[in-house]
Amino acid sequence: MRLLRAAKTHHLSTLIHYVSPAAAAPRRLQCTSSPEDKNGPSMLRHLISKIKATGPISVSEYMREALTNPVTGYYVRNNMLGAEGDFITSPEISQIFGELLAVWVISEWMGAGRPKQLQLVELGPGKGSLASDVLRVLGQLQSVLDGASVSLHLVEVSPALSLLQAQSLTGTRSQEADSEDDPVYRQGRTEGGVQVSWYRCLEDVPRGFSIFLAHEFFDALPIHKFQRTKRGWREVMVDIDPDNPGQLRFVVAPSPTLASTTLVQADERRDHVEVCAEGGVIIQQLARRVAEEGGAALIGDYGHDGTKTDTFRGFKGHQLHQVLTTPGSADLTADVDFSYLRRVVGGGVACLGPVSQRTFLKNMGIDTRMQVLLSNCSDLTTRQQLISSYDMLTHPAKMGERFHFFGLLHLSRFAKPKTATGFKLEKKSPAQLPVAGFTDMSFS
C-alpha cells in the first residue's frame, strides 16, 4: 500500500473546467505540471518533445513513459519501496501477510490434486519480500508438499528491483543471461535449492501448472481516462500548457479516439471512467493459462467493483504527488476496476471476489496466527510491532477495506465429487476443499 501522510486526493474529475476550444483544439482540464529541474531527469523534456511532434498523448502513454521508459522511467531508475522510498507494501509491513498467502498457495495446490510440479509465479515482486516469505513457509511444509518440485518465476521489468530481489532470494547465487534477447534474463537458486528465474513479460514464463500472485501489480499498469460530454465519450489526453510551455496539462480530445470508441461500455453510467486495457490483456493471459494448464491466480490491489471514477494519483516520499509534476520521479497508480477484469476474463475460469483485504486475511486465519505469535512473545517492543502491523493490514480505515483480493481458479476446482456406480463398493471421491480466503473458515 502507498502509505499516506497527506491530505485527501484532489480528483481530476472535480478539477475539470472547460474553456471555449478552437475549431480542432482539445479542451483543457485545469491540472498542470510544474517545471522540472534542468539538471534533473529528462523525462519532462522527452515528453514535451514527443507531444510537439505528434500532438497530445493518452494518459496510458504518459504513464507508460513515466514509469517504464528504459532510460528515465520511474521503475527503471529508482528503488521506490520501503520506509526510505515512496511507498510501503503489505509484505514489508508484516511477514504474516506472506505466510498467509503461502497457505493459500498450498491450499490451491492441494485443491488441484497435488500435482508433482508447482510453478510459483509472481508479477511485480517488489523487493522479493512476499516471494521470500512464501518460499520460507513452503520449505517448512515439505511434508505436506510430499516431494513436489517447486520453482519460482518472477516477472519484473525493473533492473534495479531485480537486483534487490536476487540479493534477497538468492544472495550471491544468481547470474545474468549472456544475451539480452534471452527471455530468462537472470537465474539463481535460493539457499534451500529452489530455482529462481526472472522474465520481462508473462508470456516468457514456461507453461505448466502454476499459481500466480500479483500484489500491487495491476494498479501500476497504464490506464486510459474518459470523460462523458454532451457529444459523447471523449478521451482525456496530456498536452503542453500553452501559457506555460515547460509544463503539462490535461485536455479532453475534441473528437472520438480509437480508445474512446472501443473501451467504454455502451451501458456505462458513470461520467468519468478509467480503463486499463493492458490489465485486461494480462488477466486474459492468466485466465487462459489457468484454463489450459491448471492452477490459480490471486490478485491483491487497491480496487473497486465498477463504482469509482477518477482514482489516478501519484506518490512520492509517502505523500500524494501531482501526477503531471516532474514525471519519472514519482509512482503513478490507479485503482483496479475488478468488474472490468471479470468482464474481459469471460467464462473459461471461475472468478472469485473481490473481497476486502480484512475479510480475506481473517478468512485465512490471521487472528489465530496473531494469538499464537503474541502468546509466544514476551518482548514488549515486538508485541507492539505485531499489534501495529495487524492493525495496519486489517483496520477498515487503513488497508483493511482499501485493498481487495480477486481470484481466478480452474473450473474443475468446483466440480462435484464423483460417486461410485455399479455393484462394486467404492469410496466416494473426497469433497472439494473450500477456497481459502474467499470462504469463512474455522481454525483450531
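**View 1. The lining of the largest cavity mixes nine nonpolar, two polar and six charged residues.** Here Ala, Val, Leu, Ile, Met, Phe, Trp, Tyr, Cys and Pro count as nonpolar, Asp, Glu, Lys and Arg as charged, and the others, Gly among them, as polar. This is a predicted model, where local features need pLDDT of at least 70 and side-chain atom pairs count only at pLDDT 80 or more, while totals for chains, interfaces and linings use all residues. Residues are numbered from 1 along each chain as its sequence is written, and side-chain values use heavy atoms, with hydrogens and water left out. Of the 17 lining residues, Glu 274, Cys 276, Asp 335, Val 336 and Asp 337 lie nearest the centre. A cavity is a set of points on a 1 Å grid over the protein atoms alone where a 1.4 Å probe fits but cannot get out, and lining residues have an atom within 4 Å of a point. The space inside is about 140 Å³, taken as what is filled by probe spheres set on the points, with grid points joined across faces, edges and corners. At least two lining residues each come from β12 (272-275), β17 (336-337) and α11 (338-345); strands (E, at least two residues) and helices (H or I, at least four) are DSSP runs, numbered from the N terminus.

**View 2. The second largest cavity has a volume of about 30 Å³.** Its lining splits into six nonpolar, six polar and no charged residues. Tyr 62, Ala 66, His 321 and Leu 332 are among them. A search of the whole structure turns up two cavities of 30 Å³ or more.

**View 3. Tyr 302 and Phe 403 make a tilted pair, because their ring centres are 4.8 Å apart and their planes meet at 35 degrees.** Rings of Phe, Tyr and Trp (its six-membered ring) pair if their centres lie within 6.5 Å; planes under 30 degrees apart count as stacked, over 60 as edge-to-face and the rest as tilted. Tyr 302 sits in strand β13 (residues 295-304) and Phe 403 in strand β19 (residues 403-409), so the pair ties together parts 101 residues apart in sequence. Both Tyr 302 and Phe 403 are buried, meaning under 20% relative accessible area (exposed is over 50%, partly exposed in between; 1.4 Å probe, protein chains only). Arg 313 lies over the face of Tyr 302, 4.7 Å from the ring centre; that label needs NZ of Lys or CZ of Arg within 6 Å of the ring centre and within 35 degrees of the ring normal.

**View 4. Phe 97, Phe 360, Phe 405 and Phe 438 form one aromatic cluster.** The whole structure has seven aromatic pairs.

Conventions:
On a 1 Å grid over the protein atoms alone, a cavity is a set of points where a 1.4 Å probe fits but cannot get out, and a pocket is an open set with protein on both sides within 12 Å along at least five of seven lines; lining residues have an atom within 4 Å of a point.
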